[in-house]
Amino acid sequence: MCKRLRRSMLFVPGNNPALIIDAAVFAPDSIILDLEDAVAVDQKDAARELVVRALQTLDFGQCEMCVRINGRHTPFFAEDIRALVPARPHALRLAMVESAEDIAATHELLDDCEREAGLPSGTIKLMASIETARGVTNVNEIAVASPRLVAISFGAEDFTHSIQSERTAQGHELLFSRSAVVLAARAAGLDPIDTVYIHVDDDIGFKADVRAAKQLGFAGKSCVHPRQIPVVHEVYRPTSMEVLKAERVLAAYKDAIHRGTGVISVDGRMVDGPVVAKAQRIVDIARVSGHVLGVQV
Amino acid sequence: MVKCYAHAGSLESGDVLVHVAPASDETLSVQIKSKVAPRFLNSMQSSVREVAKELGIMYAAVEVVDSGALDFVLRARVTTAIKRSMEATADV
Amino acid sequence: MVTNKVGRSVPLFVENLGNFAPYAGVFVTAPTGRRHATSIRRCLSTNNKLLPSIRESIIASGLKSGMTISFHHGFRNGDMLVNMVVDEIAALGIRDITLAPSSLQSVHSALIPHIRSGVISAITTSGLRGELAEVLTREMLLKYPVVIRSHGGRARAIESGELKIDVAFLGASAADEYGNMNGVHGSTAFGSLGYAMVDAQFADCVVAVTDNLVPYPALPISIPQTQVDYVVLVDRIGEPKGIMTGATRITRDPLELYIAAQATRVIEASGYFKEGFSFQAGTGGSSLAVAKFLKERMSETGIRGGFCTGGSTGYVCEMLHEGYFSAILDTQCFDLAAVESLRTHPRHIEMSASFYANPHSKACTAHITDIMMLGATEIDTAYNVNVLTGSDGVMMGASGGHSDTAAGTKLRLVTAPLIRGRFPIVVDKVHTIITPGECIDVLVTERGIAVNPSQPALAKRLAQAGIETVTIEELQQRAEKLTGKPEPLLQSEDIVALVEYRDGTLIDVVRRVL
């Protein structure tokens, strides 16, 4: 079984029925139904009700269903969680996470709600969104604050405000923080997810942004428009050469296990744990991307 | 108990705008205006009445302006509108 | 009443309209007889065709009560001519007119009072829209049912004399005093006069109406002086804003783009996407986006197309100018960029509705084209397509070139969103059949692609290309899972419109909606 991919995470405003209904058509890896920034303060109740019923009614196919709930220090936080748990989204994305305590408190509330709903403990996962200076400085503690965590995302817009700077095309103001999020996530075995790119018509700029994110070690990108999804998937798509090489590594590994030999070498180079894991990831993505795989792995 | 007028939803395509007001008599009246009328009218009527019943509302005046909403959207908006109308200090 | 080949109950005789044969198959009716001919007339050097008003031209034409008049629909929803002429006809006390335009738009709702008063007692058209369509579907307003004809069917009927036009009032954006006219010059330029050419050739009396009288000879000559009896200069013949936009923009709607991308994959895998392929883009929604995606594929593969046909948009004209296609054969321009192209490019030429789609002509492009993009308001599990009536049973569209091209084109793709509003577009039986299912190859929606079981070779090619397909029943279930099943429409027994297939047989009727 292959690990869930989170290359593309499509934000969908939680109070917009038409967009919710069509979201799965574009086949993002994850859909984030947004109860937070995309919803006006006086419509939080309407959006919550709509999202709960959408989760209960619609078939979202293979997409991971996430809901971005309102921050811990808003009046909507607890009610969001209580209403959503019975609807069983795969994960909740918590905005503005600044401390391990934010995660722990969320984890506990989820424990209570899962118990009440008769769900196995830990059913609903968590994603932490780091959007402030405090969040960045605490990210290592945040990353290990709950076994429910599966991803940490970085939000550049709010972050740049919190450090009293402005966003630039090159993004130097974000470099350290982006890397900090990647490091904390990878060290804890979580997926780091990069911030949104709001210039929806700028395909070239977006592609460059996604390449940069991939280079930094991000597992995926938050998207604000369906047209961004294929661009992300294209950037994360392994080349045919990479796929071929990965298949050979996995074949050699399988062969070595079968024969009980200790050291594996492919093309004259030693192959160890991380190399095999990387090869598996490449093959997983290739399979989802529609590559025709040659070697059975 | 429906205490005051409230509404929920919008006129956007795929949505409904639901108006809820206290009933002038002891009935649950449901008026539906829809661009897709009349072919889902009966279904919409039952959905509205079902939701009202679930929320324990027996008397109310409900008006629905539909722009092609699926059933779960209608139910969500009716739920929200009724809940808002049940709050004493709703000022929507 | 009798049941035709697609299971619809149709009449065999209708008062004032005569006998009808039931639809029996796509190419079952062979042409017979000779073409209709008009009277021979002359124009002396002393003759002056130019008349001072529309009223004068009506009198000069000899139009009497009970006769048939026609118009073309090049001015689309900016047309002013039909309403102007019918107003004058009414003022002259003439009644019981059969109105036979190539199509009608919502701007023609001004005709409703003239129908109520009996000035117009019958209509034959390709399409009806707006309040006029609503009223004609809900009331028995006309004396006789509307006859809906496809573009090719109308041309056939006119050429054979089945639809005999007494007076054709043909609007032109430029004309000279002897009646040479075109639609590419002038402030109300609309492009191709394709839908007027058949009328000009076969109507008993032809009146050219223009708001732009140019010095003789008016070039280019789309319709020649030899077919024109009278010329009238009016202040304005159309409203430019209603006629067309500067350039048709390709949709930005993510769902329509997704459907277009899927359709492009189907085209590529179909086997028809090869050097010299001919293409008809269709209008609206996903269709033009398909042209864009095809261009990208053509750029990447080096494949170049043959001719483009049907109606033209600026985008497709650009593809011609850039060498992606070799020619455009044009019945109707959809934007000013296309008009400009028609005016200036040597390989963008006008063609008549007959050249385009007449099933009883010696060749029509509808029978030559490789790939056709089609729309649908509804499609049923037998792949029958409706483009005339909406989910409420009210007329709101047109037969157009749909059934013509579907009959003869090699690859017939219908693109549509699986759900419109709350309405599933895949139904048990469409409300009105315009195009029979045997003419449709594949339905492309955002929630799945279905191939007509009659096309196993195509299904195989798509499967080989890794394109997943499902049955149309499965698509219907996917839709109904979201929407629920719509309640049946309430309609009366009264027939408000007859749907004539392109060969003159009756494929369906439209009943009055309650």
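Which domains does the domain assignment of chain A give?

## Chain A and the model

The assignment, automatic or taken from a database, splits chain A into domain 1 (8–235) and domain 2 (240–288). Taken over C-alpha atoms, the centres of domain 1 and domain 2 of chain A are 32 Å apart.

A word on the source: this is a predicted model, where local features need pLDDT of at least 70, side-chain atom pairs count only at pLDDT 80 or more, and totals for chains, interfaces and linings use all residues. Residues are numbered from 1 along each chain as its sequence is written, while chains are lettered from A and ligands numbered from 1 in the order in which they are written.

## The sheet of chain B

Chain B holds an open sheet of four strands with mixed pairing, in the order β1-β2-β4-β3. Strands are DSSP runs of E with at least two residues, helices runs of H or I with at least four, numbered from the N terminus; two strands pair if DSSP finds at least two bridges between them. β1 (6–9) and β3 (28–34) of chain B are the edge strands, each with a single partner, so one side of each has no neighbour in the sheet.

β1(B) runs antiparallel to β2 (residues 16–21) of chain B, joined by four bridges. Here His7(B) sits opposite His19(B) of β2(B).

## Where the chains meet

Ten residues from chain A and 14 residues from chain B make up the contact, counted when C-beta atoms, placed from the backbone, lie within 7 Å. On the chain B side, helix α2 (residues 71–86) of chain B gives the largest share, seven residues.

Definitions and conventions:
Contact = placed C-beta atoms within 7 Å.
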